[in-house]
Amino acid sequence: MKVYTKQQLALRNGQDKPEIWIAYQGVIYDVTHSKMWRNGKHYEHWAGQDLTEELVDAPHNNQVFKKFTAIGQLG
Ligand code: HEM
């Protein structure tokens, strides 16, 4: 898998570039087409970063990543 830096991930926050990416346990997922991540925002969470620690606050588990393609790894 392609490795991206924190800075590259940060630009895919739904504001600076057309792609919207989020990282979970070091794996980057493309959520550009998700209605739930429109403009990079999901409830009080922003895309463009590793949200591993934030998942504990969610009413769902990591099964939500299943339908998304892992597009890279956070280096
Ligand atoms: C207060 C925190 C959060 C709330 C209230 C919340 C709520 C929800 C709800 C209601 C859904 C759709 C139903 C479901 O799949 O269960 C969803 C989907 C999803 N959530 Fe969260 N979530 C939160 C935090 C997070 C965090 C921190 C992440 C990432 C680590 C995340 C990633 C996702 C993803 C990838 C989906 C699937 C989106 C789709 O299917 O288009 N959520 N969330």
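This is a short walk through one structure, from its annotated domain to its sheet, its core and the surroundings of its ligand.

Okay, one thing up front: what you're looking at is a predicted model. Let's start with the annotation. UniProt, in an unreviewed entry, puts a "Cytochrome b5 heme-binding" domain at residues 4–75. Over that stretch the chain is 8% helix and 25% strand. And the two ends meet up in an interesting way: their C-alpha atoms are 6 Å apart.

So, the sheet. How many strands form it, and in what order? There are 4, running S1-S6-S3-S2, in an open sheet with mixed pairing. At the edges you have S1, residues 3–4, and S2, residues 21–24, each of which pairs on one side only. Further in, S3, which is residues 27–30, runs antiparallel to S6, residues 70–74, and 3 bridges join them. If you want one pair to click on, take Ile28, whose bridge partner in S6 is Gly72.

Ile28 turns up again when we go to the nonpolar core, the largest one, with 10 residues. Alongside Ile28 you'll find Leu9, Ile20, Trp21, Ile22, Ala23, Tyr29, Val31, Trp37 and Ala47. S2 and S3 each put in at least two of these residues. Which strand gives the largest share? That's S2, with 3 residues.

Now stay on S2 for a second, since Tyr24 sits in that strand too. Buried or partly exposed? Tyr24 has 18 C-beta neighbours inside 10 Å, and the cut-off for buried is 20 or more, so Tyr24 counts as partly exposed. Skipping its neighbours within four places in sequence, Tyr24 is in contact with Tyr29, Leu51, Thr52, Leu55, Asn62 and Phe65. Lys6 is 18 residues away from Tyr24 along the chain, and their C-alpha atoms are separated by 13 Å.

Follow that contact over to Tyr29. Leaving out sequence neighbours within four places again, Tyr29 touches Tyr24 and Phe65, plus Trp21, Ile22, Phe68, Ala70 and Ile71. Phe65, then, is on the contact list of Tyr24 and also on that of Tyr29.

Last stop, the ligand. There are 18 residues around the ligand, and the ones that come nearest are Ser34, Leu51, Glu54, Ala58 and Val64. You've met Leu51 already, as a contact of Tyr24. What's the make-up of that shell? It divides into 11 nonpolar, 4 polar and 3 charged residues.

That's my tour, thanks.

Note on methods
Residues are numbered from 1 along each chain as its sequence is written. This is a predicted model: local features need pLDDT of at least 70, side-chain atom pairs count only at pLDDT 80 or more; totals for chains, interfaces and linings use all residues. A residue is near a molecule or strand if its C-beta atom, placed from the backbone, lies within 6 Å of it. Ala, Val, Leu, Ile, Met, Phe, Trp, Tyr, Cys and Pro count as nonpolar, Asp, Glu, Lys and Arg as charged, and the others, Gly among them, as polar. UniProt positions are given in the numbering used here, feature names are shortened, and annotations may be inferred rather than shown by experiment. Two strands pair if DSSP finds at least two bridges between them. A residue is buried if 20 or more other C-beta atoms lie within 10 Å of its own, exposed if 12 or fewer, and partly exposed in between; C-beta atoms are placed from the backbone. Two residues are in contact if their C-beta atoms, placed from the backbone, lie within 7 Å. A nonpolar core is a set of buried Ala, Val, Leu, Ile, Met, Phe, Trp, Tyr and Cys residues joined through C-beta atoms within 7 Å.
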